[in-house]
Number of protein chains: 2
Amino acid sequence: MNAISHQIQLLRRPTGLPTLEDFALRDVPLPALQEGEVQVANQWLSVDPYMRGRMSEAKSYVPPFPLNGPLDGGAIGTVQASRHPDFKVGDKVSSMLGWRDAFVANAAQLTRLPDTTLPPQRFLGALGMPGMTAWAGLHKVAHLKAGETLLVSAASGAVGTMAVQLAKQAGARVIGSTGSADKVAYLKTLGADAVINYRETPDLDAELARLAPEGIHVYFENVGGAMLDAALNHLVVHGRIVLCGLIEQYNSNGQASGPRNLSQVIRKRILMQGLLVSDHWQHYGAFLAEAMPAFEAGTLQAEETVSEGLASMPQAFIGLFQGRNTGKMLVRLP
Amino acid sequence: MNAISHQIQLLRRPTGLPTLEDFALRDVPLPALQEGEVQVANQWLSVDPYMRGRMSEAKSYVPPFPLNGPLDGGAIGTVQASRHPDFKVGDKVSSMLGWRDAFVANAAQLTRLPDTTLPPQRFLGALGMPGMTAWAGLHKVAHLKAGETLLVSAASGAVGTMAVQLAKQAGARVIGSTGSADKVAYLKTLGADAVINYRETPDLDAELARLAPEGIHVYFENVGGAMLDAALNHLVVHGRIVLCGLIEQYNSNGQASGPRNLSQVIRKRILMQGLLVSDHWQHYGAFLAEAMPAFEAGTLQAEETVSEGLASMPQAFIGLFQGRNTGKMLVRLP
């Protein structure tokens with residue numbers, strides 16, 4: 001049983017794309033277990049783009065990470081010791097106490113995983129925050145309808161792969177955008193009707209005109225930049241934009257340029273709405289009731305990009321902004 | 001009775017801010033009156049920013065104006081001859097056959113003005129399209145509630161002056177933005193709680209922080225540019241943006257820059273929706289039922305900037321983009 005928590009700490013606030021020197025791996029002794037507390041060894045750590053926001057000082061929807069303290073994020077682990085009646089040794093639990101291999105926490109910070117034969121790390125990805133984000137964006141923000149055309153950027157990411165599949169299950173036509181030939185091929189296996197490799201498409205406008213001659217009803221936006229401009233030009237009247245992520249801007253130090261053609265929002269009475277999954281957790285049960293059986297039956301697929309060992313986590317995190325992941329980016333601990 | 005229609009025609013598509021040389025005043029003979037038609041002499045012509053969009057080739061929500069043909073737009077006139085039973089000589093009518101002093105049209109293109117002692121040109125401004133736009137934006141898009149804080153840009157314009165007053169009547173706190181000391185003073189007489197002279201406010205961000213320490217619930221956007229960036233920073237969580245106009249961009253030839261901080265839309269789950277009044281005309285009766293008695297009772301005010309004579313219309317139109325109007329910009333014909 002661990003007596004030490006190895007953890008990744010933030011040494012300084014990154015400027016632009018983070019570097020390995022912004023992080024340190026440190027050893028922190030675990031405290032003795034108090035009444036009501038549980039000790040957990042993590043097996044899977046979640047690596048998410050939103051974490052970049054918390055590395056800056058700027059006020060965001062969650063407070064900034066402290067310097068020289070443990071970062072946090074989604075994690076799946078196993079109970080090693082318990083002084084709470086609801087948890088026993090060997091239970092699989094999820095928490096927000098990631099970026100570390102072990103921790104002691106109050107039982108209230110833990111959630112037991114649902115009873116399923118699915119791999120536990122699925123609850124960090126397709127059945128966790130990213131999957132729930134895709135579901136909420138399509139069904140609670142965009143109200144996607146059968147027969148509509150959906151465009152998804154960063155379609156091969158953790159949110160995107162679920163948005164593609166859930167939209168197909170809802171009867172939509174789906175166009176994905178991604179950054180490599182392998183990812184294009186993968187998205188086609190997920191059922192995407194068309195996929196744009198944006199790195200090899202000099203004229204996004206013309207490509208959207210070709211792929212969606214009747215227009216795009218919903219744009220599920222994870223990226224920002226040129227694709228947002230192009231999408232604005234091809235959305236239908238009363239089209240909707242789910243603004244879920246702007247990963248192109250996360251390392252821009254607030255100097256990102258916005259869409260040049262915002263007047264399309266007026267012309268076409270477009271509705272653009274920001275999405276944070278935190279507004280929608282009350283529907284998590286409904287999402288799981290739909291998605292868990294679909295994964296068990298094999299009608300939904302999940303891809304993972306796995307990095308080995310806690311020390312690899314900063315590099316895995318940086319890789320998110322370099323297109324290194326297909327599906328959910330994870331770190332596996334021994 | 002006119003036998004000639006004097007009309008402003010578009011000679012060429014403007015690049016950037018239109019110039020007088022883009023327009024010509026031409027004489028066109030009026031056709032003989034056919035059964036079902038009415039001849040009208042216009043007294044008031046509407047001058048509106050949206051007309052700039054129609055001067056470009058670009059596809060918009062309305063077709064571009066043809067070159068070397070009459071422009072059109074809102075107008076109020078008097079029936080001079082009628083071969084339709086619903087209209088008799090002397091009736092006051094509104095139409096979309098502006099930019100000219102006289103016309104012959106099918107009766108279906110005319111609307112009789114409501115029976116009121118209010119000046120007829122009011123139905124081109126505060127009781128017409130701009131007033132209805134303000135009402136629809138506040139009540140059908142933003143769903144403004146009593147006690148909320150509203151920010152309105154171009155607050156001294158035809159839409160803005162009505163947005164300010166209707167929002168005050170709805171119990172909101174109202175901050176306006178405008179471009180001169182006279183306009184600031186005027187907006188205060190309309191009941192605005194605070195007014196920003198954006199030309200003399202180097203740090204809009206700090207000014208909004210000062211004027212709305214609890215945040216802005218609704219931003220009624222008519223301008224774009226720096227004020228949109230600042231508003232995004234100060235909207236509350238779940239704040240709303242009514243995107244009604246982007247007058248700063250209308251002469252930018254599609255090279256406008258968008259907001260640098262679109263990530264605020266995600267962080268604060270902001271809803272941004274484009275507004276065109278054409279989606280809302282079914283509520284025009286409800287709007288008039290509320291606003292006409294208020295004007296008759298003097299609890300709503302309307303300002304007009306009047307230019308004399310048809311030949312002055314191109315200059316009046318250009319003046320819209322130079323901040324020359326307070327309230328509704330109109331051309332009066334003899």
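The paragraphs below lead from the interface between chain A and chain B to the aromatic pairs of the structure. The model is a predicted one, and every value given here is computed from it.

The size of an interface is often given as the accessible area lost when the parts come together. By that reckoning, chain A and chain B bury about 2800 Å² between them, with 58% of this area lying on carbon and sulfur atoms. The contact draws 32 residues from chain A and 32 residues from chain B.

Turning to polar and charged interactions, two salt bridges are found across the interface of chain A and chain B. One of them pairs A:Arg269 with B:Asp279, whose closest N and O atoms are 2.8 Å apart, a separation that falls within the 4 Å allowed for a salt bridge. Across the interface of chain A and chain B there are also nine residue pairs in polar contact, counting those with both residues at pLDDT 80 or more. On the side of chain A that touches chain B, the elements giving two or more residues are strand E12 (235-243), helix H7 (263-267) and strand E13 (271-274) of chain A. The residues of that side divide into 15 nonpolar, twelve polar and five charged.

Strand E13 of chain A also takes part in strand pairing between the chains, since three bridges join it to strand E13 (residues 271-274) of chain B, and the two strands run antiparallel. In this arrangement, A:Gln273 stands opposite B:Leu271 in E13 of chain B.

Over all chains, the structure holds 14 aromatic pairs. Among them is the pair of A:Phe23 and A:Phe317, which is edge-to-face, with 6.4 Å from centre to centre and 75° between the planes. This pair links distant parts of the chain, for A:Phe23 lies in strand E2 (residues 23-29) of chain A and A:Phe317 in helix H9 (residues 313-320) of chain A, 294 residues apart.

Terms used. Residues are numbered from 1 along each chain as its sequence is written. Chains are lettered from A and ligands numbered from 1 in the order in which they are written. This is a predicted model: local features need pLDDT of at least 70, side-chain atom pairs count only at pLDDT 80 or more; totals for chains, interfaces and linings use all residues. Side-chain values use heavy atoms; hydrogens and water are left out. Contact means heavy atoms within 4.5 Å. Buried area is the accessible area (1.4 Å probe) that two parts lose on being put together, summed over both. A salt bridge is a side-chain nitrogen of Lys or Arg within 4 Å of a carboxyl oxygen of Asp or Glu. A polar contact is a pair of N or O atoms within 3.5 Å; within protein, one must be able to donate a hydrogen and the other to accept it, and residues adjacent in sequence count only if both atoms are side-chain atoms. Helices (H or I, at least four residues) and strands (E, at least two) are DSSP runs, numbered from the N terminus. Ala, Val, Leu, Ile, Met, Phe, Trp, Tyr, Cys and Pro count as nonpolar, Asp, Glu, Lys and Arg as charged, and the others, Gly among them, as polar. Two strands pair if DSSP finds at least two bridges between them. Rings of Phe, Tyr and Trp (its six-membered ring) pair if their centres lie within 6.5 Å; planes under 30 degrees apart count as stacked, over 60 as edge-to-face and the rest as tilted.
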